[in-house]
Amino acid sequence: MPKYVVPSIYVQEIPLRMRTISGVNTSTVGFIGHLESGPSVPTVITSYAQFLQVFGRTVSRTRGNMSKTFLPIAVHGFFLNGGARCVIARVASKKNRELTLADYRGDVSGKSRTLRGLRAFERIDEISLLCAPNEHDVAGLSESLVAHCEKMKDRFAILSAPEKAS
């Protein structure tokens with residue numbers, strides 16, 4: 001019961017039962033892209049030195065949409081800017097063919113039932129940011145990244161503007 005000290009002035013504090021907005025972890029990034037070597041399942045990486053040890057240093061490709069990759073540069077920038085933990089999903093093609101949207105989505109075909117690409121990221125709850133450097137090199141990849149984030153409802157995609165954007 002409140003104390004009434006002064007006549008005609010009464011203050012009663014009532015606690016509100018509103019929930020506060022809690023912080024969300026945005027420190028774990030899921031990177032997806034082409035790399036020449038390394039595991040084909042998503043791999044947790046905690047330093048750029050570990051990235052180089054697991055996936056190698058260079059990417060040398062010359063055909064079609066496989067002319068250049070910015071994935072190692074993006075991972076390096078992530079750690080230079082204070083990033084501590086990321087998950088790398090290496091996208092690889094069979095028989096040196098060009099990468100397709102199905103490769104990035106992780107469409108399952110054949111005997112292998114190993115989840116790859118974006119489908120493998122569905123099982124990793126810690127990912128809060130999703131990045132696919134060179135996403136404009138593969139038709140429909142940007143839309144697939146956004147669709148993945150909308151489906152998961154717990155992460156968002158970092159997209160770049162197309163080169164021809166004005």
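**Group meeting: a walk through a five-stranded sheet**

Hi everyone, let me start with one pair of residues: Thr-28 has Arg-85, in strand 3, as its bridge partner. Before I go on, please keep in mind that this is a predicted model. From that pair we can work outwards.

Thr-28 and Arg-85 belong to a longer pairing, since strand 1 and strand 3 run parallel and are joined by seven bridges. On to another partner of strand 1: strand 4, residues 129-131, also pairs with strand 1 in the parallel sense, over three bridges. One of the bridges there takes Phe-31 to Cys-131 in strand 4.

So how is strand 1 placed, enclosed or open to the outside? Strand 1 covers residues 28-34, and seven of its seven residues are buried, so the rest of the structure largely encloses this strand.

Now let me put the whole sheet together. The sheet is open, and its five strands come in the order 2-3-1-4-5, with mixed pairing. At the edges we find strand 2, residues 43-45, and strand 5, residues 156-158, each of which pairs on one side only. On average, neighbouring strands in this sheet are turned by 30° against each other, if you ignore direction. As a quick reminder, strands of a sheet pair through backbone hydrogen bonds, and they do so either parallel or antiparallel.

Where does the antiparallel part come in? Look at strand 2 and strand 3: they run antiparallel, and three bridges join them, with strand 3 spanning residues 85-91. Within that pairing, Thr-43 has Ile-88 of strand 3 as its bridge partner. Strand 2 and strand 3 also have a helix across them, namely helix 1, residues 48-55, which runs at about 145° to strand 2.

Let me zoom out for a moment. The protein has five helices and five strands, and along the sequence they follow the pattern β-β-α-α-β-α-α-β-α-β. Of its 166 residues, 34% count as buried. If you like contact statistics, here is one for you: take the contacts between residues at least 6 apart in sequence, and 70% of them join residues at least 24 apart. As for the surface, the protein exposes about 11,100 Å², and 54% of that comes from carbon and sulfur atoms.

Next, the nonpolar cores. Which residues have the most contacts inside the largest one? That core has 17 residues, and the ones with the most contacts inside it are Ile-32, Tyr-104, Leu-118, Phe-121, Leu-130, Leu-141 and Leu-145. The elements that give two or more residues to this core are strand 3, helix 3 (101-105), helix 4 (117-121) and helix 5 (141-152). A second, separate core of 15 residues includes Ile-45, Phe-51, Phe-78 and Ile-88. You will remember Ile-88 as the bridge partner of Thr-43.

Leu-130 deserves a click in your viewer. Setting aside neighbours within four places in sequence, Leu-130 is in contact with several residues, among them Gly-30, Leu-118, Phe-121, Leu-145, Phe-156 and Ile-158.

A word on the cysteines. How many disulfides does the structure hold? The count is zero. Two of the cysteines are worth a look: Cys-86 is at 0% relative accessibility and so counts as buried, and Cys-131, at 13%, is buried too.

Now for the loops. Gly-106 sits in the loop between helix 3 and helix 4. With a relative accessibility of 5%, Gly-106 counts as buried, because the cut-off is under 20%. Not counting residues up to four places away in sequence, Gly-106 touches Arg-116, Gly-117, Leu-118 and Arg-119. Gly-106 and Ala-120 are 14 residues apart in sequence, and their C-alpha atoms are 7.3 Å apart in space.

Finally, two backbone angles for the torsion fans. Asn-134 has a phi near 70°, which is positive in a residue other than glycine. Asn-134 lies in the loop between strand 4 and helix 5, and at 14% relative accessibility it counts as buried. Lys-153 also has a positive phi, near 60°, and again this is a residue other than glycine. Is Lys-153 buried or exposed? Lys-153, found in the loop between helix 5 and strand 5, is exposed, with a relative accessible area of 71%.

That's my tour. Thanks for listening!

Key: Residues numbered from 1 in each chain as written. Predicted model: local features only at pLDDT ≥ 70, side-chain atom pairs only at ≥ 80, totals over all residues. Heavy atoms only, no water. Pairing = 2+ DSSP bridges. Helix = DSSP H or I, 4+ residues; strand = E, 2+ residues; numbered from the N terminus. Axes fitted to C-alpha atoms, helices over the stretch in contact; angles between N-to-C directions. Contact = heavy atoms within 4.5 Å. Disulfide = S-S within 2.5 Å. Buried < 20%, exposed > 50% of the residue type's maximum accessible area, 1.4 Å probe, protein only. Areas by Shrake-Rupley, 256 points an atom, 1.4 Å probe, with all protein chains shown as cover. Core = buried A, V, L, I, M, F, W, Y, C linked by side-chain atoms within 4.5 Å.
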